[in-house]
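The following exercises concern a single protein chain. Please examine the sequence and the structure, attempt each task, and then compare the result with the worked solution.

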Amino acid sequence: MTDPRPSGSRFPNSVTQHGNVVYVLNASGQGSITGFRLGFDGLLTPVPGSTRQLQANQDRFAPDALKDPTQVSFSPDGHHLLVSIKDGPTNDVIPGANPTGPGRVLTFGVDGAGRPSKDFVRTDFANRGPFGFSFDRKGNVDLAEFVGGGVEDGHPTGAAGSYRLGRDGHLTPISTAVADRQIDTCWVVNNGKYAFGSDYTSGTISSWKVNSDGSLTLLHEVAGTTDKPADSQGSTPLDLGVSPDGKNLYNVLPGSGKLAAWSIGADGELAKIGEFGGLPQTVNGDHAPSDFSALGSPAGIDVS
């Protein structure tokens, strides 16, 4: 197989699959997505003409963790590809933040050959920091807004929102900025009835009820806690995953080199199963991006 990477793709940080089509997000430079066909032998073949630029405005070698593209994901029906770009908070929230945009989700249509549309539909988020997202059972988008909860005690706090994805790719707000009063709500997943967010700096899990109309109602600001390592950086929760039966929640903890697990009750309450170590740790949180490499700390998770 020839090298499938488009020029400048130096920071792949998210992968999504629908059927035998796989897309990879590159967060560096202007950012891009590129598609591949997954063969029966497990090999990936580039989809011709599938690379799309994202206008992400990042450094070519070291994208900013407060601003860069975060996630690419197929919609459940495979007809759209969504990409979140944080862009960063405004300067009055974090002095000197200098956002690269308003916080955006880009939606591409996908044709029968697995190629994205030439243009995208853009939804702006008023610099609330759109981060990780998931789809509920009706195809609505549940989205983490890592600075969407306002400022408390001098700290920008997190939130989650829900949005209806239209056939034309537009996102219509259902509930926005449902605050959890935690710091750095980065990822949101759901089991159809309840949504859970990982709070990077607080080291906690927040929870929301997913209502029948797709709106979110805060259930617990702190629904679960992670163990704090001896150093000062904290457990730094990142990506979340829910088991296919919707009964268990898993969270990657690069700050402590562990994977945390909870059972999800019928009422959405979390009961901690434990934390399981042996993984590499970051050094000083995300101030050491070289740690997020093949030899570095864990960042993403998928549950099957």
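## Exercise 1: Aromatic pairs

In this predicted model, a search of the whole structure finds six aromatic pairs. Determine how the rings of Phe108 and Phe120 are arranged, and whether each residue is buried, partly exposed or exposed.

**Solution.**
Step 1. The ring centres of Phe108 and Phe120 are 5.5 Å apart, and the planes form an angle of 70 degrees. Planes over 60 degrees apart count as edge-to-face, so the pair Phe108 and Phe120 is edge-to-face.
Step 2. Phe108 belongs to strand 8 (residues 104-109), while Phe120 is in the loop between strand 8 and strand 9, twelve residues apart.
Step 3. Buried means under 20% relative accessible area. Phe108 has 0% relative accessibility and therefore counts as buried; Phe120, at 25%, counts as partly exposed.

## Exercise 2: A second pair and its cluster

Establish which strands are linked by the aromatic pair of Phe131 and Trp187.

**Solution.**
Step 1. Phe131 and Trp187 form an edge-to-face pair, with 5.3 Å from centre to centre and 70 degrees between the planes.
Step 2. Phe131 lies in strand 10 (residues 130-135) and Trp187 in strand 16 (residues 185-190), so the pair ties together parts that are 56 residues apart in sequence.
Step 3. Both Phe131 and Trp187 are buried. Ring pairs join these two residues and Phe146 into a cluster.

## Exercise 3: An open sheet

Describe the sheet that contains strand 6 and identify its edge strands.

**Solution.**
Step 1. The sheet is open and consists of four strands in the order 6-7-8-9, with antiparallel pairing.
Step 2. Strand 6 (69-74) and strand 9 (121-124) each pair on one side only, and these are the edge strands.
Step 3. Strand 6 is joined to strand 7 (residues 80-85) by five bridges. In strand 7, Ser84 is the bridge partner of Gln71.

## Exercise 4: Two contrasting residues

Decide for Ser28 and for Pro173 whether the residue is buried or exposed.

**Solution.**
Step 1. Ser28 is located in the loop between strand 2 (21-26) and strand 3 (32-38). Its relative accessible area is 1%, so Ser28 is buried.
Step 2. The side chain of Ser28 reaches the backbone oxygen of Arg60 at 3.4 Å.
Step 3. Pro173, in strand 15 (residues 171-179), has a relative accessible area of 52% and is therefore exposed.
Step 4. Apart from neighbours within four places in sequence, Pro173 is in contact with Ser162 and Tyr163.

Conventions. Residues are numbered from 1 along each chain as its sequence is written. This is a predicted model: local features need pLDDT of at least 70, side-chain atom pairs count only at pLDDT 80 or more; totals for chains, interfaces and linings use all residues. Side-chain values use heavy atoms; hydrogens and water are left out. Helices (H or I, at least four residues) and strands (E, at least two) are DSSP runs, numbered from the N terminus. Buried means under 20% relative accessible area, exposed over 50%, partly exposed in between (1.4 Å probe, protein chains only). A polar contact is a pair of N or O atoms within 3.5 Å; within protein, one must be able to donate a hydrogen and the other to accept it, and residues adjacent in sequence count only if both atoms are side-chain atoms. Two strands pair if DSSP finds at least two bridges between them. Contact means heavy atoms within 4.5 Å. Rings of Phe, Tyr and Trp (its six-membered ring) pair if their centres lie within 6.5 Å; planes under 30 degrees apart count as stacked, over 60 as edge-to-face and the rest as tilted.
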